[in-house]
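Please open the structure in your viewer and keep the sequence panel visible. The tour goes from one selection to the next.

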Amino acid sequence: MDKPKDGALRLKVCEALSKDVSRALARLDPADIKALGAEIGDVVEISGKRRTVCKVMPAYKEERARSRIQLDGLSRGNAGVALDDVVSVRKVVAQPAQRIVLSPTSIVPTDRDLKYIENLLDGLPVMEGDRIRATLFGSRYIDFIVQSVAPKGPVLIVSTTLLTVGPLSEGAEGKGARPPTVSYEDIGGLK
């Protein structure tokens, strides 16, 4: 564990389990969580080539005491990092979002899906430019780019957040967007 003066930890990225996909979770060793001055459920900023936010959860036993952070493919993409890259992690305060504008990357959700999507995203920490995923019934999912947030900075989607879903973004990619990636977690360890 390498702790710079700014209160951040430098941790090596490893893959998350399939049950953590699209939940914006960062799993850390409990000792690292304590070193950050964080508690389970707090929001941390992960800095790679870009910054993103995740909720802190304890790492699974096999990943403890190894200076690692478990991130799913979406969170790694949002931070601009790959497996085995080193990221800077620090505790931040995420304000409840008043308003968020999302742009779908592939299909525009139906009105029926929108109500369900609002519930799925409740409690999710986001920043402008992040890609987020709403997994619908079965294996259907819709990815969105967070076009804008109010207030600025890290926010949490809450039940009172006004979510606006815009039209399919120009060229199916919004600002700050990265191409969709399929990671190991997405296929859940299929042989």
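The stops below cover charged side chains, then rings, then enclosed space.

Keep in mind throughout that this is a predicted model. By the rule applied here, the count comes to 9 salt bridges. The tour visits some of them.

**Stop 1: Glu45**

Select Glu45 and Arg51 and show their side chains. The two meet in a salt bridge, with 2.4 Å from N to O. Now add Arg90 to the selection. Its side chain also forms a salt bridge with Glu45, at 3.1 Å from N to O. This second pair links distant parts of the chain: Arg90 belongs to strand 6 (residues 86–92) and Glu45 to strand 3 (residues 43–47), 45 residues apart.

Switch on a surface to look at accessibility. Is Glu45 buried or exposed? Glu45 is buried, because its relative accessible area is 4%, under the 20% limit. Arg51 counts as partly exposed, at 42% relative accessibility. Arg90 is partly exposed as well, with a relative accessible area of 32%.

**Stop 2: Arg133**

Next select Arg133 and Asp143. They form a salt bridge in which the closest N and O atoms are 2.7 Å apart. Arg133 lies in strand 10 (residues 131–135) and Asp143 in strand 11 (residues 141–150), so the salt bridge ties together parts that are 10 residues apart in sequence. Arg133 and Asp143 are both buried.

Keep Arg133 selected and add Tyr141. What sits over the ring of Tyr141? The charged end of Arg133 does, 4.0 Å from the ring centre. As for rings paired with each other, the structure holds 0 aromatic pairs.

**Stop 3: a network**

Select Asp20, Arg23 and Arg27 together. Salt bridges link these residues in a network.

**Stop 4: the cavity**

Rolling a probe the size of a water molecule over the atoms shows where empty space is left. How many cavities of 30 Å³ or more does a search of the whole structure find? The search finds 1. About 100 Å³ of space lies in the largest cavity.

To find this place, select Ala24, Ser75, Asn78, Arg131 and Ile132, which lie nearest the centre among the 17 residues that line the largest cavity. Then colour strand 4 (51–58), helix 2 (73–79), strand 9 (125–126) and strand 10, the elements that each give two or more residues to the lining. By class, the lining has 8 nonpolar, 4 polar and 5 charged residues.

Note on methods. Residues are numbered from 1 along each chain as its sequence is written. This is a predicted model: local features need pLDDT of at least 70, side-chain atom pairs count only at pLDDT 80 or more; totals for chains, interfaces and linings use all residues. Side-chain values use heavy atoms; hydrogens and water are left out. A salt bridge is a side-chain nitrogen of Lys or Arg within 4 Å of a carboxyl oxygen of Asp or Glu. Buried means under 20% relative accessible area, exposed over 50%, partly exposed in between (1.4 Å probe, protein chains only). Helices (H or I, at least four residues) and strands (E, at least two) are DSSP runs, numbered from the N terminus. Rings of Phe, Tyr and Trp (its six-membered ring) pair if their centres lie within 6.5 Å; planes under 30 degrees apart count as stacked, over 60 as edge-to-face and the rest as tilted. A charge sits over a ring if NZ of Lys or CZ of Arg is within 6 Å of the ring centre and within 35 degrees of the ring normal. On a 1 Å grid over the protein atoms alone, a cavity is a set of points where a 1.4 Å probe fits but cannot get out, and a pocket is an open set with protein on both sides within 12 Å along at least five of seven lines; lining residues have an atom within 4 Å of a point. Grid points are joined across faces, edges and corners, and a volume is the space filled by probe spheres set on the points. Ala, Val, Leu, Ile, Met, Phe, Trp, Tyr, Cys and Pro count as nonpolar, Asp, Glu, Lys and Arg as charged, and the others, Gly among them, as polar.
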